[in-house]
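This report describes a protein chain and the two ligands placed in it. The sequence and the structure come first, and the text follows.

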Amino acid sequence: MPAIVLVGTQWGDEGKGKATDLLGSRIDHVVKFNGGNNAGHTVVIGDQKYALHLLPSGILSPGVTPVIANGVVIDLSVLIDELDGLEARGVDTSLLRVSANAHVIPPYNRVLDKVTERFLGKRRIGTTGRGIGPTYADKMNRVGIRVQDLYDESILRQKVEAALGFKNQLLLKIYNRRDIEVEEVMGELLRHAERIRPMVTDTALELNEALDRGETVLFEAGQATLLDVDHGTYPFVTSSNATAGGACTGAGVPPTRIDRVIGVFKAYTTRVGEGPFPTELEDEAGELLREVGAEFGTTTGRPRRCGWADVVIGRYATRVNGLTDVVLTKLDVLTGLDKLPVCVAYDVQGERFDEMPVNQSDFHHARPIYEELDGWTEDISGCRRFEELPEAAQNYVLHLEKWTGARISVIGVGPGRDEVIVRHDLLGSDDVH
Ligand code: GDP
Ligand code: IMO
Ligand code: MG
């Protein structure tokens, strides 16, 4: 099974980092293909906790080649800080490859991201303020700066001047901010150019060659299905394709080569930032999920909005991504709750929707229709086989599996690397269970 895509199925923070880490030593290359340092993946290995933003989580597994592919937007200072931070903790980062076609996040786009949000006021998206949206907009407007531009100073200067000609008008005239100097931008972009030069390459070529050799490549999505710019809850989304198809365009690997798509689904739902969220709980139950699940953003520290599981979304993610397997995370967080409502359909002003409404306003008005399952009280963090789970927990998993239509191959029962139940091998066709 050489090419595997791993995606989030909800609004992010499902535990993709941990799922990637699980595959760890069995993969040869791990590829980040979308987004930038808006992502935040926490991986717990023994008593060590790592927070990754720009580097794919697989970098923590020795011998795995991490790749930042063309679809990523790179904040160079963040990249260097993250590399230095990992090296200081003894993680080898020397194998990192960076696409010459990836775009860089220039300082003016960080400023624009923040001032645009402030300007939008109540209509803000609640972005991470990292300059992600403006940088993808520049890419589509064909005024972006790519990694390869860092190695031709006169071209880089021309591009920065062209971009600033426009951006400074915006900053000065619309947003009432100070303008930004060309030299300031050049200084920041060139500061780290030489350091990353040895890593810069044609990553699409290298990945296709690796697949030709029969090596295993894991494409690790940042963000998630409902934050995807095409398939998410637009406009409350990020600015890249976080669904499985994004791996092909974001890494230059054709769809015919993808063998497997793993979706990470949290046993309940969370969302950071603004936008519709039908099962959101604004009461003590939501507070409890936030406390027990430690639902605070890895990137911005913001409290995550919490709610019950929603299998309409689960079915949608199964379909849009073509999921072959699901990693169900954080089942342990539900321990101790008497009843576990699961949203199976929506009521939109009296009409029942079994699938995601295509119309944005309908989704904003969607009220969850719940089926209630029984909870359990036993501590499940020590369970390593499906049969060891209390019957009610087994029942919860089997219902999610039936309702989402994707087989649940792995179940997370704690944040640690070994706190999992494996029902089916994610890389093989054999059934462990
Ligand atoms: P990502 O962005 O999808 O990689 O997810 P985050 O790292 O932002 O958030 C997931 C959080 O849940 C992290 O703190 C993980 O350590 C933690 N986590 C992952 N799986 C489990 C699990 O099965 N149980 C518990 N209790 N925590 C988990
Ligand atoms: P991981 O990879 C959760 C959300 C932001 C905001 C919207 C747009 O850790 O799952 P952006 O800065 O991307 O323009 O913000 O998307 N968002 C995430 N929410 N997890 C993430 O990443 C996210 N990346 C972006 O909160 O609502
Ligand atoms: Mg996260």
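In this predicted model, a polar backbone atom of G40 is 2.9 Å from an oxygen atom of ligand 2. K16 also makes a polar contact with this ligand: an N or O atom in the K16 side chain is 2.7 Å from an oxygen atom of ligand 2. With Q223, the backbone is used, and one of its N or O atoms lies 2.8 Å from an oxygen atom of ligand 2. On its own, ligand 2 exposes 550 Å², of which the protein buries 98%.

The shell around ligand 2 holds 20 residues, and those that come nearest are K16, N38, T128, Q223 and T238. Sorted by class, this shell has 11 polar, six nonpolar and three charged residues.

**Ligand 1**

Ligand 1 is likewise surrounded by 20 residues, with K16, G40, H41, T42 and D332 the closest. K16 is thus listed among the closest residues of ligand 1 and among the nearest of ligand 2. A polar backbone atom of G15 is 2.9 Å from an oxygen atom of ligand 1. Two side chains also take part: a polar atom of T298 lies 3.3 Å from a ligand 1 oxygen, and a polar atom of R304 lies 3.1 Å from a ligand 1 oxygen. Of the 580 Å² of accessible area that ligand 1 has on its own, the protein covers 92%.

The space that ligand 1 takes up is the second largest pocket. Two elements, α1 (16-23) and β3 (41-45), give two or more residues to the shell around ligand 1. That shell divides into nine polar, seven charged and four nonpolar residues.

The polar contacts of both ligands are listed here.

| Ligand atom | Protein partner | Distance |
|---|---|---|
| Oxygen of ligand 1 | G15, backbone | 2.9 Å |
| Oxygen of ligand 1 | T298, side chain | 3.3 Å |
| Oxygen of ligand 1 | R304, side chain | 3.1 Å |
| Oxygen of ligand 2 | K16, side chain | 2.7 Å |
| Oxygen of ligand 2 | G40, backbone | 2.9 Å |
| Oxygen of ligand 2 | Q223, backbone | 2.8 Å |

**The chain as a whole**

The protein chain contains 13 helices and 20 strands. Its C-alpha trace spans about 65 × 50 × 40 Å along the principal axes. The radius of gyration of the chain is 22 Å, which agrees with a compact globule, because a globule of 433 residues would have a value near 22 Å.

**Two backbone features**

Most peptide bonds are trans, and most residues other than glycine have a negative phi. The peptide bond from Y234 to P235 is cis, with omega near 5°. P235 is placed in the loop between β10 (217-220) and α9 (245-251). R142, a residue other than glycine, has a positive phi, near 60°. R142 is found in the loop between α4 (132-141) and α5 (153-174).

Definitions and conventions. Residues are numbered from 1 along each chain as its sequence is written. Chains are lettered from A and ligands numbered from 1 in the order in which they are written. This is a predicted model: local features need pLDDT of at least 70, side-chain atom pairs count only at pLDDT 80 or more; totals for chains, interfaces and linings use all residues. Side-chain values use heavy atoms; hydrogens and water are left out. A residue is near a molecule or strand if one of its heavy atoms lies within 4 Å of it. A polar contact is a pair of N or O atoms within 3.5 Å; within protein, one must be able to donate a hydrogen and the other to accept it, and residues adjacent in sequence count only if both atoms are side-chain atoms. Accessible areas come from the Shrake-Rupley method with a 1.4 Å probe; for residues, only the protein chains shown count as cover. On a 1 Å grid over the protein atoms alone, a cavity is a set of points where a 1.4 Å probe fits but cannot get out, and a pocket is an open set with protein on both sides within 12 Å along at least five of seven lines; lining residues have an atom within 4 Å of a point. A molecule sits in a cavity or pocket if more than half of its atoms lie within 2 Å of its grid points. Helices (H or I, at least four residues) and strands (E, at least two) are DSSP runs, numbered from the N terminus. Ala, Val, Leu, Ile, Met, Phe, Trp, Tyr, Cys and Pro count as nonpolar, Asp, Glu, Lys and Arg as charged, and the others, Gly among them, as polar. The radius of gyration is taken over C-alpha atoms; the globule rule is 2.2 Å times the number of residues to the power 0.38.
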